[in-house]
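Please consider the following model with attention to its covalent and charged side-chain links and to the pairing of its strands. The text takes these topics in turn.

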Amino acid sequence: MKKKIEFAAGMALFALALLSTRFYMVDLPVWHFLGGDNGPDPATLHLRGEFVESNLGTAEYPAGSFTVRMIAQQYDFVPQCVVVPVGVQVRFRITSADTVHLLTFLGTDYGLKALPGTITEATFTFPKSGTLKIPCHEFCGAGHYTMRSQLDVVPKEQFAALRPNERRTCDAR
Ligand code: CUA
(Lines give C-alpha, C1' and ligand atoms only; values in the text may rest on other atoms or scores of the structure.)
Protein backbone atom coordinates (compact mmCIF):
# COMPACT_ATOMS: atom_id res chain seq x y z
CA MET A 1 0.00 0.00 0.00
CA LYS A 2 2.76 2.45 1.01
CA LYS A 3 4.65 1.61 -2.19
CA LYS A 4 1.56 2.47 -4.27
CA ILE A 5 1.16 5.85 -2.58
CA GLU A 6 4.84 6.59 -3.09
CA PHE A 7 4.56 5.63 -6.73
CA ALA A 8 1.49 7.84 -7.26
CA ALA A 9 3.16 10.77 -5.51
CA GLY A 10 6.23 10.28 -7.66
CA MET A 11 4.18 10.28 -10.84
CA ALA A 12 2.30 13.42 -9.75
CA LEU A 13 5.57 15.21 -9.07
CA PHE A 14 6.96 14.10 -12.41
CA ALA A 15 3.83 15.36 -14.21
CA LEU A 16 4.06 18.71 -12.40
CA ALA A 17 7.73 19.07 -13.30
CA LEU A 18 6.96 18.26 -16.92
CA LEU A 19 4.07 20.75 -17.03
CA SER A 20 6.13 23.52 -15.53
CA THR A 21 8.76 23.15 -18.25
CA ARG A 22 6.21 23.09 -21.07
CA PHE A 23 4.59 26.45 -20.41
CA TYR A 24 4.07 27.48 -24.04
CA MET A 25 3.03 24.03 -25.22
CA VAL A 26 0.78 22.99 -22.36
CA ASP A 27 -0.04 25.60 -19.73
CA LEU A 28 -0.69 28.57 -22.00
CA PRO A 29 -2.99 26.76 -24.49
CA VAL A 30 -4.93 25.25 -21.57
CA TRP A 31 -5.23 28.67 -19.96
CA HIS A 32 -6.52 30.16 -23.23
CA PHE A 33 -8.89 27.22 -23.72
CA LEU A 34 -10.35 27.86 -20.27
CA GLY A 35 -11.09 31.43 -21.35
CA GLY A 36 -8.31 33.16 -19.46
CA ASP A 37 -6.53 36.16 -20.93
CA ASN A 38 -7.76 36.38 -24.50
CA GLY A 39 -4.57 37.43 -26.19
CA PRO A 40 -4.16 38.24 -29.87
CA ASP A 41 -4.27 35.33 -32.31
CA PRO A 42 -0.75 35.03 -33.84
CA ALA A 43 -2.24 33.90 -37.16
CA THR A 44 -4.37 37.02 -37.69
CA LEU A 45 -2.25 39.73 -36.06
CA HIS A 46 -1.83 41.66 -39.31
CA LEU A 47 -5.49 41.43 -40.24
CA ARG A 48 -7.44 42.64 -37.22
CA GLY A 49 -7.15 43.96 -33.73
CA GLU A 50 -4.57 46.06 -31.97
CA PHE A 51 -1.61 44.95 -34.10
CA VAL A 52 -2.83 45.83 -37.62
CA GLU A 53 -0.17 47.67 -39.60
CA SER A 54 -1.70 51.16 -39.26
CA ASN A 55 -1.58 50.78 -35.48
CA LEU A 56 2.11 49.84 -35.22
CA GLY A 57 4.90 52.21 -34.27
CA THR A 58 4.62 55.14 -31.87
CA ALA A 59 1.25 56.67 -31.08
CA GLU A 60 0.43 59.56 -28.77
CA TYR A 61 -1.84 57.54 -26.54
CA PRO A 62 -3.30 57.91 -24.00
CA ALA A 63 -3.23 61.70 -24.41
CA GLY A 64 0.03 63.17 -23.18
CA SER A 65 1.91 59.85 -23.15
CA PHE A 66 3.23 57.47 -25.78
CA THR A 67 2.64 53.86 -26.75
CA VAL A 68 4.80 51.82 -29.14
CA ARG A 69 3.33 48.68 -30.67
CA MET A 70 5.53 46.10 -32.37
CA ILE A 71 5.29 42.58 -33.73
CA ALA A 72 8.20 40.14 -33.51
CA GLN A 73 8.32 37.44 -36.14
CA GLN A 74 10.92 35.15 -37.73
CA TYR A 75 13.14 37.06 -38.53
CA ASP A 76 12.36 40.70 -38.07
CA PHE A 77 10.53 43.20 -35.95
CA VAL A 78 7.68 45.21 -37.42
CA PRO A 79 8.20 48.13 -37.75
CA GLN A 80 11.92 47.91 -38.58
CA CYS A 81 12.50 51.23 -36.86
CA VAL A 82 10.48 53.29 -34.41
CA VAL A 83 10.92 56.88 -33.29
CA VAL A 84 10.27 58.05 -29.72
CA PRO A 85 10.76 61.35 -27.90
CA VAL A 86 13.59 61.70 -25.42
CA GLY A 87 13.06 61.83 -21.67
CA VAL A 88 9.40 60.80 -21.47
CA GLN A 89 7.77 57.54 -20.48
CA VAL A 90 7.08 55.27 -23.43
CA ARG A 91 4.87 52.24 -23.01
CA PHE A 92 5.83 49.30 -25.24
CA ARG A 93 3.32 46.63 -26.22
CA ILE A 94 4.74 43.71 -28.16
CA THR A 95 3.53 40.30 -29.29
CA SER A 96 4.89 37.52 -31.49
CA ALA A 97 3.53 36.07 -34.72
CA ASP A 98 5.31 32.75 -34.21
CA THR A 99 7.80 31.79 -31.51
CA VAL A 100 9.50 33.40 -28.50
CA HIS A 101 11.72 36.43 -29.19
CA LEU A 102 13.50 38.81 -26.86
CA LEU A 103 13.76 42.45 -27.83
CA THR A 104 16.79 44.10 -26.21
CA PHE A 105 17.88 47.73 -26.36
CA LEU A 106 21.68 47.82 -26.72
CA GLY A 107 23.36 50.14 -24.27
CA THR A 108 20.51 49.81 -21.73
CA ASP A 109 19.30 46.98 -19.52
CA TYR A 110 15.81 47.15 -21.03
CA GLY A 111 14.36 44.02 -22.56
CA LEU A 112 10.95 42.75 -23.66
CA LYS A 113 9.97 39.16 -24.30
CA ALA A 114 7.60 38.65 -27.25
CA LEU A 115 5.31 35.65 -26.85
CA PRO A 116 2.72 34.30 -29.27
CA GLY A 117 -0.85 34.77 -28.03
CA THR A 118 0.17 37.24 -25.32
CA ILE A 119 0.90 40.96 -25.16
CA THR A 120 3.98 41.95 -23.16
CA GLU A 121 3.93 45.46 -21.80
CA ALA A 122 6.64 47.58 -20.18
CA THR A 123 7.33 51.29 -19.77
CA PHE A 124 10.77 52.71 -20.48
CA THR A 125 12.29 56.19 -20.53
CA PHE A 126 15.21 56.98 -22.84
CA PRO A 127 17.27 59.78 -21.27
CA LYS A 128 19.47 60.58 -24.30
CA SER A 129 18.82 61.32 -27.97
CA GLY A 130 20.40 58.94 -30.44
CA THR A 131 20.02 55.64 -32.22
CA LEU A 132 19.74 52.35 -30.35
CA LYS A 133 20.08 48.97 -32.02
CA ILE A 134 17.40 46.58 -30.82
CA PRO A 135 18.40 43.01 -31.68
CA CYS A 136 16.61 39.79 -30.79
CA HIS A 137 18.33 38.10 -27.87
CA GLU A 138 16.52 34.76 -27.70
CA PHE A 139 17.52 32.04 -30.16
CA CYS A 140 14.49 31.78 -32.44
CA GLY A 141 15.74 29.84 -35.46
CA ALA A 142 18.13 29.98 -38.40
CA GLY A 143 17.71 33.72 -38.96
CA HIS A 144 18.01 34.71 -35.30
CA TYR A 145 21.34 36.51 -35.75
CA THR A 146 19.94 38.78 -38.46
CA MET A 147 16.85 39.72 -36.44
CA ARG A 148 17.19 43.36 -35.42
CA SER A 149 15.35 46.62 -35.39
CA GLN A 150 16.20 50.18 -34.48
CA LEU A 151 14.99 52.85 -32.08
CA ASP A 152 15.57 56.52 -32.85
CA VAL A 153 15.32 58.74 -29.76
CA VAL A 154 14.78 62.34 -30.88
CA PRO A 155 14.20 65.72 -29.16
CA LYS A 156 10.57 66.39 -28.20
CA GLU A 157 10.08 69.25 -30.69
CA GLN A 158 11.41 67.11 -33.52
CA PHE A 159 9.12 64.26 -32.53
CA ALA A 160 6.09 66.55 -32.36
CA ALA A 161 6.72 67.65 -35.96
CA LEU A 162 6.56 64.09 -37.31
CA ARG A 163 3.42 62.79 -38.99
CA PRO A 164 2.06 59.50 -37.58
CA ASN A 165 3.51 57.45 -40.47
CA GLU A 166 6.93 59.07 -39.95
CA ARG A 167 6.99 57.72 -36.41
CA ARG A 168 7.31 54.12 -37.57
CA THR A 169 10.15 54.48 -40.05
CA CYS A 170 13.62 55.99 -39.96
CA ASP A 171 13.66 56.82 -43.68
CA ALA A 172 12.24 60.31 -43.29
CA ARG A 173 15.27 61.72 -41.48
CU1 CUA B 1 13.94 36.40 -32.75
CU2 CUA B 1 15.98 35.54 -32.08
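In this predicted model, a search of the whole structure yields 1 disulfide. The cysteines that it joins are C81 and C170, with an S to S distance of 1.5 Å. A disulfide is a covalent bond between the sulfur atoms of two cysteines. The assignment rests on a cut-off, since a pair of cysteine sulfur atoms counts as a disulfide within 2.5 Å. About the S-S bond the angle is -40 degrees, and the link of C81 and C170 is left-handed. C81 belongs to strand β4 (residues 81-85), whereas C170 lies in the segment after α3 (156-160), so the pair ties together parts that are 89 residues apart in sequence. Both C81 and C170 are buried.

Two further cysteines may be considered for their accessibility. C136 has a relative accessible area of 6% and is buried. C140 is buried as well, with a relative accessible area of 5%. Both assignments follow because buried means under 20% relative accessible area.

Strand β4, which holds C81, also takes part in a sheet. This open sheet has 3 strands in the order β4-β10-β9, and its pairing is mixed. At its edges are β4 and β9, each of which pairs on one side only. From one strand to the next, the twist averages 25 degrees. Between β9 and β10 the pairing is antiparallel and runs over 6 bridges. Within this pairing, I134 has S149 of β10 as its bridge partner.

The charged side chains provide the next topic. Side chains of opposite charge can pair when their charged atoms come close. With a side-chain nitrogen of Lys or Arg required to be within 4 Å of a carboxyl oxygen of Asp or Glu, the count comes to 6 salt bridges.

One of these salt bridges brings together the side chains of E50 and R69, at 2.5 Å from N to O. E50 lies in the loop between α2 (23-33) and β1 (57-59), and R69 lies in strand β2 (residues 66-73), so the pair ties together parts that are 19 residues apart in sequence. The partners fall into separate accessibility classes: E50 is partly exposed at 22% relative accessibility, whereas R69 is buried, with a relative accessible area of 8%.

Another salt bridge is formed by the side chains of E121 and R91, with an N to O distance of 3.4 Å. Here the link is between distant parts of the chain, as E121 is in strand β8 (residues 120-125) and R91 is in strand β5 (residues 89-96), 30 residues apart. E121 is partly exposed, its relative accessible area being 41%. R91 is likewise partly exposed, with a value of 23%.

Which residues are linked in a network of salt bridges? The network consists of E50, R69, R91, R93 and E121. It thus includes the residues of the E50 and R69 pair and those of the E121 and R91 pair.

A further salt bridge joins the side chains of E138 and K113, at 3.4 Å from N to O. E138 is placed in the loop between β9 (130-135) and β10 (148-154), while K113 is in strand β7 (residues 111-114), so the pair ties together parts that are 25 residues apart in sequence. E138 is partly exposed, with a relative accessible area of 26%, and K113 is partly exposed at 35%. The loop that carries E138 therefore lies between β9 and β10, the two strands that pair in the antiparallel sense.

Conventions:
Residues numbered from 1 in each chain as written. Predicted model: local features only at pLDDT ≥ 70, side-chain atom pairs only at ≥ 80, totals over all residues. Heavy atoms only, no water. Helix = DSSP H or I, 4+ residues; strand = E, 2+ residues; numbered from the N terminus. Buried < 20%, exposed > 50% of the residue type's maximum accessible area, 1.4 Å probe, protein only. Pairing = 2+ DSSP bridges. Axes fitted to C-alpha atoms, helices over the stretch in contact; angles between N-to-C directions.
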